[in-house]
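I wanted a working record of this chain before going back to the bench. The entries follow the order in which I looked things up.

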Amino acid sequence: MSPIKTVIHGALGKVGQVLVSSLAKTPEIKLVGAVDLKAAGGKITLPDGSAIPFSTNLEEIIIQTKPQVIIDFTLAHASMPAVRIAARHKVNLVIGTTGFKAEEVAEMKQLADTNKVGMILASNFALGAVLMMHFAKLASKYMDYAEIIELHHEQKADAPSGTALSTARAMAAYRGRPFSQAADDGKNLPSRGEKTGGVTIHSVRLPGLMAHQEVLFGGLGQTLSVRHDTNGRECYVPGVLLAVQAVVKQTGLVQGLESLLNL
Ligand SMILES: NC(=O)c1ccc[n+]([C@@H]2O[C@H](COP(=O)([O-])OP(=O)(O)OC[C@H]3O[C@@H](n4cnc5c(N)ncnc54)[C@H](O)[C@@H]3O)[C@@H](O)[C@H]2O)c1
């Protein structure tokens, strides 16, 4: 199979920069263009010294470079217009941006179906994090109390994290009955965090952190913790690569990487 022609939307972001430098060295991918609100010049230089078109205008880059896939790591309000443009041009999408509303995800599904393009939306592309979520889901059938502590760098725009929300929703759905609640439940005490699917989520934002999540379960005389730590943004690269290779073979919206890993 020839390398998949790919554009990165959000190329100057913390994740975008890692994707540009890593995917440029990946034989399965051919980076053909990049887009960012802060793009200054008409080209972005890759690690091998070659240059690809770089613009603030996604549609212009799509017309110029004819990509098969757009990888989006921006902000939810920037991402939705990009999704609409990509779908209109029949370009598949791998979306890592978090913070979408339910109606925006519904629109993605409708755009993917109507335009017969593939879209993969995942709140966490770190494969270790996908496994952490899977193990947490399995444990929720057997442990009656559950809370999540998610810890991120101080510049993260959304809280709780997309990963924490996805984890809590998946745990609640898999468990199939409500979790037991602590004695303060119903009092809405601010320091007791936010509840999603009956799971209390606590968000910590500090410099020095990257992306970390611990799911804690409590039962009679025991606790169980499932924890994942991101120590470098390179952790997203294998998951993004997997998604790019999968998205060109599908139509419609797939949420999460679980099905790609046969979990
Ligand atoms: N799914 C995952 O595994 C995962 C992992 C890390 C971060 N994220 C999410 O990815 C997103 C990006 O994270 P980050 O840490 O790289 O953020 P960042 O703020 O460092 O980067 C965002 C980039 O998007 C660009 N941008 C903003 N608006 C734009 C627009 N209208 N058009 C083009 N570019 C635009 C910005 O200029 C910036 O360079 C966030 O939503 C974050 O929560 C997801």
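**Entry 1: strand β7.** I started with L121, which has 25 C-beta neighbours inside 10 Å and therefore counts as buried. The model is a predicted one. I placed L121 in strand β7, residues 118-121. Leaving out residues up to four places away in sequence, I found that L121 touches I95, V105, M108, L253 and Q255. I also checked L121 against V94: they are 27 residues apart in sequence, and their C-alpha atoms are 6.1 Å apart.

I then turned to M119, which is also in strand β7. I counted 28 C-beta neighbours inside 10 Å for M119, so M119 is buried. Apart from neighbours within four places in sequence, M119 is in contact with N92, L93, I95, M108, A112 and L253. I95, M108 and L253 thus appear in the contact list of L121 and in that of M119. For M119 and S259, 140 residues apart in sequence, I noted a C-alpha separation of 13 Å.

**Entry 2: Q245.** Is Q245 buried, exposed or partly exposed? I found 16 C-beta neighbours inside 10 Å, so Q245 counts as partly exposed. Q245 belongs to helix α7, residues 237-247. Setting aside neighbours within four places in sequence, I list I4 and E28 as its contacts. V94 came up again here: its C-alpha atom is 10.0 Å from that of Q245, with their positions 151 residues apart along the chain.

**Entry 3: domains.** I looked up the division of the chain. Domain 1 takes in 4-121 + 233-261, and domain 2 takes in 127-230. The centres of the two domains, taken over C-alpha atoms, are separated by 28 Å. I noted 10 residues of domain 1 in contact with 10 residues of domain 2. On the domain 1 side, the touching residues divide into 5 nonpolar, 4 polar and 1 charged.

**Entry 4: helix α5.** I checked the length of helix α5, residues 127-139. At 1.5 Å a residue its 13 residues should span 18 Å, and the end C-alpha atoms are 18 Å apart, so the two agree. Which residues of α5 are buried? I list A129, V130, M132, M133, A136 and K137. These residues cover an arc of only 160 degrees around the axis, so they are on the same side of α5. I noted the general background: an α-helix has 3.6 residues a turn, so residues three or four places apart point the same way. Among the elements that cover the buried residues of α5 are α6 (162-175), β11 (211-219) and β12 (222-230).

**Entry 5: helix α2.** I did the same for helix α2, residues 58-65, where the buried residues are L58, I61 and I62. Their arc around the axis is only 100 degrees, which puts them on the same side of α2. The cover over these residues includes β1 (4-9), β2 (29-35), β4 (51-55) and α3. Just after α2, I noted that K66 takes a positive phi of about 45 degrees.

**Entry 6: backbone exceptions.** K66 sent me to look for other departures from the usual backbone. Most residues other than glycine have a negative phi, and most peptide bonds are trans.

- K90 has a positive phi near 60 degrees. I found K90 in the loop between α3 (76-88) and β6 (92-95), and with 11 C-beta neighbours inside 10 Å it counts as exposed.
- N188 has a positive phi of about 55 degrees and is not a glycine. N188 is in the loop between α6 and β9 (194-196). It has 9 C-beta neighbours inside 10 Å, so I put it down as exposed.
- A159 and P160 are joined by a cis peptide bond, with omega about -5 degrees. I placed P160 in the loop between β8 (145-152) and α6.

**Entry 7: the ligand.** Which residues come nearest to the ligand? Of the 24 residues around the ligand, I have G10, G13, V15, A78 and G96 as the nearest. Helix α1, residues 14-23, gives the most to the shell, with 3 residues. I noted the make-up of the shell as 10 nonpolar, 11 polar and 3 charged residues.

Methods
Residues numbered from 1 in each chain as written. Predicted model: local features only at pLDDT ≥ 70, side-chain atom pairs only at ≥ 80, totals over all residues. Domains from an automatic or database assignment. Contact = placed C-beta atoms within 7 Å. Nonpolar A, V, L, I, M, F, W, Y, C, P; charged D, E, K, R; others polar. Helix = DSSP H or I, 4+ residues; strand = E, 2+ residues; numbered from the N terminus. Expected span 1.5 Å × (residues − 1). Buried ≥ 20, exposed ≤ 12 C-beta atoms within 10 Å, placed from the backbone. Arc of directions from axis to C-beta. Near = placed C-beta within 6 Å.
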